[in-house]
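Trainee: I would like a close look at one part of this protein, the place where strands line up side by side. Please start with what it takes for strands to pair, then follow the chain outward from there.

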Amino acid sequence: MTTITVAKGDGIGPEIMEATLEVILAAGAQLRIEEIEVGEKVYLAGNTSGIAASAWDTIRRNKVFLKAPITTPQGGGYKSLNVTTRKFLGLYSNVRPCRSLHPYVSTKHPEMDLVIVRENEEDLYAGIEHQQTDEVVQCLKLISRPGCEKIVRYAFEYAKQQGRRKVTCFTKDNIMKQTDGLFHQVFEEIAKEYPEIENEHWIIDIGAAKLADTPELFDVIVMPNLYGDVLSDVAAQITGSVGMAGSANIGEECAMFEAIHGSAPRRAGQNVANPSGLLQGAIMMLNHIGQTAVAEKVQNAWLKTLEDGTHTYDIYKEGVSSRKVGTKEFARAVIANLGKKPSVLKPVSYANSAALALPRYKRRLSAEKVLEGVDLFVHWPGAEADDLANELRALETKEVKLSMITNRGIKVWPDGFKETFCTDHWRCRFQPGNGTPMTKEAIIELLTKAHTKGIDSIKTENLYSFNGKQAYSLGQGQ
Ligand code: NAD
């Protein structure tokens, strides 16, 4: 018997949760259920995180959380509970299987059967954003070695466990050489530990195009958070319906399971919603807690039900479907099929699908880190980079010289193009002229001088090398 936390959510949430629990309990799931309240009511009662402290206690105690979709109220101040939960609980891996059920669910991609493994905690989702000048705002993209190692290893271990043949990595490291570059590099490192599994890397733009056009080329795809967020919806949708896919959010301690769709408020309370997405999430949960035989029984009964043509409105199609049913009737049809297997669709076997046991991340020895310069960002409303350079020259010391100015990353001094459009946000690079390391004192002196001379410095970024390798980007055109 496993105790799980359940949240029935908003909109269609309560109906699809009821249907899901009815099916898995009928199949013999050994569960004790503790229910918590999260979402709209909690938000509107004045809690901007959508969850009360006591509910966190329940989630952390039980460690396994089955969550129906919730409605995040429109308007300022309400934080997404999904993002908060994933990050607070360290749910670093988001696993989204996307499989076509041709010919029973209409799709342009009958052969598709892939799994997206999305990094779930970092990237632009750190939500660290600032306005720095009148014209420029920024969002920090943070990618860490532990984040990359954990998700890439998870993808390979998952592929190994599930007997999948290939892991593909998508990044944009031709542009983001540090952040996406690290993700790609870690992928190459870890891939070597799994010689029996094919590996490949695609630049995200052509990778995404191929995914939308020929998804049957892919098996397991691992990618950073933002790309995974977008592409897992694309992948689920092109199997025929976003309403059919579930997702597992896995951490070292806790796990959360859900449908990938939202609370569909316009369909709420009408007994029409398709409970399949949440049921898929629940099946992944049963595997995670080791109740794999029950998970298998439910999945095969679900496939058989779809094969019988018993369909909810969202996938109902004249000539293919035999019966249009509501949420409750669909659940009952699945229950009636428990113990049966599909005859055309491939039945599943989950004998080896229990939770993966991954090694904990081990921090490496620190590298030798040398300060090689500093980027001083300034808010300057002028137009000519040469004029700014003249002002900045006054900040130079014997030790530190102005070496470059960029605007939105493109080099505008020295030797800029007059055609380059410039904003009021300038990156001004100062480095010791003679190849010697820079001191922190020199940065403080630079800032003090800038302040004295009325230059509006908005932030600095230190330029480091690690073990002799330059670890910052050059200006575009430098
Ligand atoms: P949605 O997924 O709720 O709905 C998109 C479309 O798909 C709608 O036409 C809807 O009727 C249909 N649909 C979705 N699930 C269905 C199902 N099970 N059966 C039949 N049809 C289904 O997306 P949305 O309209 O953009 O968002 C509605 C609300 O859900 C918003 O408040 C949003 O913040 C929230 N949301 C929550 C989650 C979550 O809790 N995980 C995820 C996404 C959106």
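Mentor: Two strands pair if DSSP finds at least two bridges between them. Keep that rule in hand. In general, strands of a sheet pair through backbone hydrogen bonds, and the sense is either parallel or antiparallel.

Now apply the rule. This is a predicted model. Strand 8 covers residues 166-171, and strand 9 covers residues 198-203. Six bridges link strand 8 and strand 9, in the parallel sense. So the pair meets the rule, which asks for at least two bridges. For one contact, take Thr 168: its bridge partner in strand 9 is Glu 200.

Next, ask how covered strand 8 is. Six of the six residues in strand 8 are buried. Look at its two faces. Lys 166, Thr 168 and Phe 170 point one way. Val 167, Cys 169 and Thr 171 point the other way. All of these residues are buried, whichever way they point.

Just before strand 8 comes a loop that matters for our tour. Which residue there meets Asp 219 in a salt bridge? Arg 164 does, with 2.7 Å from N to O. Asp 219 lies in the loop between helix 7 (204-213) and strand 10, while Arg 164 lies in the loop between helix 5 (145-161) and strand 8, so the salt bridge ties together parts that are 55 residues apart in sequence. Both partners, Asp 219 and Arg 164, are buried. Elsewhere, salt bridges with shared partners join Lys 63, Glu 252, Glu 253 and Arg 360 into one network.

Strand 10 takes us to strand 5. Strand 10 spans residues 220-223, and it runs parallel to strand 5 with four bridges between them. Val 115 has Val 220 as its bridge partner in strand 10. Strand 5 itself spans residues 113-119, and six of its seven residues are buried.

Strand 5 also pairs with strand 4, residues 93-99. Here the sense is antiparallel, over seven bridges. So strand 5 has a parallel pairing with strand 10 and an antiparallel pairing with strand 4, and each count meets the rule of at least two bridges. One contact in the second pairing: Asn 94 has Arg 118 in strand 5 as its bridge partner.

Stay with Arg 118. Is Arg 118 buried or partly exposed? Its relative accessible area is 2%, so Arg 118 is buried, as that is under 20%. Yet Arg 118 has a charged partner. Side chains of opposite charge can pair when their charged atoms come close. Asp 229 makes a salt bridge with Arg 118, and their closest N and O atoms are 3.6 Å apart. This pair links distant parts of the chain: Asp 229 sits in helix 8 (residues 225-238) and Arg 118 in strand 5, 111 residues apart. Asp 229 is partly exposed because its relative accessibility is 24%.

Compare a salt bridge elsewhere. Arg 32 pairs with Glu 34, with the closest N and O atoms 3.5 Å apart. Arg 32 is partly exposed, at 46% relative accessible area. A search of the whole structure finds 30 salt bridges.

Further along the chain, there is an open sheet of six strands. Their order is 17-16-18-15-19-20, and the pairing is antiparallel. Strand 17 (410-413) and strand 20 (469-470) are the edges, as each pairs on one side only. Inside the order, strand 15 (residues 369-379) and strand 18 (residues 425-432) share six bridges. Leu 376 stands opposite Cys 428 in strand 18. Gln 431 is also in strand 18. Gln 431 is buried because its 19% relative accessibility falls under 20%. Gln 431 and Asp 375 are 56 residues apart in sequence, yet 8.7 Å apart in space, C-alpha to C-alpha.

Finally, step back. The protein chain has 13 helices and 20 strands. Of its 478 residues, 52% are buried. The C-alpha atoms fill a box of roughly 85 × 55 × 45 Å along the principal axes.

Key. Residues numbered from 1 in each chain as written. Predicted model: local features only at pLDDT ≥ 70, side-chain atom pairs only at ≥ 80, totals over all residues. Heavy atoms only, no water. Buried < 20%, exposed > 50% of the residue type's maximum accessible area, 1.4 Å probe, protein only. Salt bridge = Lys/Arg side-chain N within 4 Å of Asp/Glu carboxyl O.
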